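Me: I am new to this structure and would like a close look at one part of it. Please pick a single part and build the picture outward from there.

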Amino acid sequence: MRTTSGIGFDVSGQGPPLVLHPGMYQLGEHWTRSGYTSRLTDGHTVITVDPLGVGSGAAPRDPAAYSLARRAESVTAVLDEVGADEAAFWGYSLGALTGYAVALHAPERLTCLVAGAFDPIGGFRTAMEPMLADLGLPADVDPYPVVESAAAASPVVAAVLDGSDRVALRANFDAFSAEPGVHAELADSDVPMLMHAGDADPWHDPMRNFAARTGTPFFTVPDADHVGCWRRPDDVLARVLPFLADQA
């Protein structure tokens, strides 16, 4: 694992660079564990990164350190470190939000963006509000303990939580959960995009609506919620690989 500017990352494969950015409670290595990286390294130099504040990098405790501009800087710092002027970017969940940030703040560094399961219109609130309602909780309750408890049910995620600074994780959550939608700015971006989500994910319909309105390619992973879509690499790669090839 290498680090730069407080961000941990690994590099493997050969070909045009491709950054893989996971969700909040994941590490870059989870792309490999879940069966994605090995399918991508034949045609790409794959750069798997840990999210800002998670894994082997720095863990700031101030929510301001997790602004969209800072998230974009974390990616461009890695590109600078590996000597890549530009790269394709694939992010899932919080990783997709980070990809939106790069498309807004450093679009010249992206050849294309694949965004999985994060609503650019309503952001985090699109998923949080119905989840609280399903649990019978008021809309103004602090959602973080609910999110952390649900995430910890996975042994893989629980290991990440145990190895992380919980105050930094909370600061990270407070930052991205409060971000307003970036759809207006993203709609004006010239970065080629592909979006996807599971049909049982609360972010599915807003993403599909944004894609339809902007002419952005979008595909649905059937019978999959937010976690289930991530666990379907064969279905997802069947659509993503041709897109990446077209943009190379």
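Reply: Happy to help! One term comes up again and again: a residue counts as buried when its relative accessible area is under 20%. Please also keep in mind that this is a predicted model.

Let us take strand β5, which spans residues 87-92. This strand is mostly covered, with 6 of its 6 residues buried. The cover is found on both faces: Ala87, Phe89 and Gly91 are buried on one side, and Ala88, Trp90 and Tyr92 are buried on the other.

Next, the strands alongside. β5 belongs to an open sheet of 8 strands, arranged in the order β1-β2-β4-β3-β5-β6-β7-β8 with mixed pairing. In that order, β5 stands between β3 and β6. β3 and β5 run parallel and are joined by 4 bridges; Leu20, for instance, has Trp90 of β5 as its bridge partner. Towards β6, 6 bridges join the two strands, again in a parallel arrangement, and here Ala87 is partnered by Leu110 of β6.

What about the far ends of the sheet? β1 (2-4) and β8 (218-221) are the edge strands, and each has a single partner strand, so one side of each has no neighbour in the sheet. From one strand to the next, the twist averages 25°. The mixed pairing also includes an antiparallel pair: β2 (residues 7-13) and β4 (residues 45-49) are joined by 5 bridges. Within that pair, Asp10 finds its bridge partner in Thr48 of β4.

Now for the helices that touch β5. Helix α4 (residues 94-105) packs on the sheet and touches β3 (17-21), β5, β6 and β7 (193-198), and its direction makes about 150° with that of β6. Helix α12 (residues 233-247) lies across β3, β5, β6, β7 and β8, and runs at about 165° to β6.

These surroundings lead us to the nonpolar cores. In soluble globular proteins, nonpolar side chains tend to be buried together. Here the largest nonpolar core has 60 residues, and the members touching the most other members are Met24, Tyr25, Tyr100, Phe118, Phe124, Phe176 and Met195. Helix α4 supplies the largest share of this core, 7 residues. Tyr100 shows how far the contacts reach: leaving aside neighbours within four places in sequence, Tyr100 is in contact with Leu113, Ala115, Phe118, Pro120, Val182, Leu186, Met195 and Met207. There is also a second, separate core of 23 residues, and this one brings us back to our strand, as Tyr92 is included in it along with Tyr36, Phe243 and Leu244.

Aromatic rings deserve a look as well. The structure holds 12 aromatic pairs. One of them joins Phe124 and Phe173 edge-to-face, at 5.2 Å centre to centre and with 85° between the planes. Phe124 sits in the loop between β6 (110-116) and α5 (125-134), while Phe173 sits in helix α8 (residues 166-177), so this pair links parts that are 49 residues apart in sequence. Phe124 and Phe173 are both buried. They also belong to one aromatic cluster, together with Phe118, Tyr144, Phe176 and Trp203.

The loop between β6 and α5 holds another detail, Ala117. Most residues other than glycine have a negative phi. Ala117, though not a glycine, has a positive phi of about 60°. Ala117 is buried, with a relative accessible area of 0%. Asp223, in the loop between β8 and α11 (226-230), also has a positive phi, of about 55°, without being a glycine. Asp223, however, is exposed, at 73% relative accessibility.

Finally, Tyr144 from the aromatic cluster is one of the buried residues of helix α6, along with Val146, Val147, Glu148 and Ala151. The cover over these residues includes α5, α7 and α8. Helix α6 (residues 144-152) packs against helix α7 (residues 155-162) at an angle of about 125°, with the axes 7 Å apart. This angle makes α6 oblique to α7. At their contact, Glu148, Ala151 and Ala152 of α6 meet Val157, Ala158 and Leu161 of α7.

To return to where we began: β5 is buried on both of its faces, with parallel partners in β3 and β6.

Technical notes: Residues are numbered from 1 along each chain as its sequence is written. This is a predicted model: local features need pLDDT of at least 70, side-chain atom pairs count only at pLDDT 80 or more; totals for chains, interfaces and linings use all residues. Side-chain values use heavy atoms; hydrogens and water are left out. Rings of Phe, Tyr and Trp (its six-membered ring) pair if their centres lie within 6.5 Å; planes under 30 degrees apart count as stacked, over 60 as edge-to-face and the rest as tilted. Buried means under 20% relative accessible area, exposed over 50%, partly exposed in between (1.4 Å probe, protein chains only). Two strands pair if DSSP finds at least two bridges between them. Axes are lines fitted to C-alpha atoms, for helices over the stretch in contact, and angles run from 0 to 180 degrees between N-to-C directions. Contact means heavy atoms within 4.5 Å. A nonpolar core is a set of buried Ala, Val, Leu, Ile, Met, Phe, Trp, Tyr and Cys residues joined through side-chain atoms within 4.5 Å. Angles under 35 degrees count as roughly parallel, over 145 as roughly antiparallel, 65 to 115 as roughly perpendicular and the rest as oblique.
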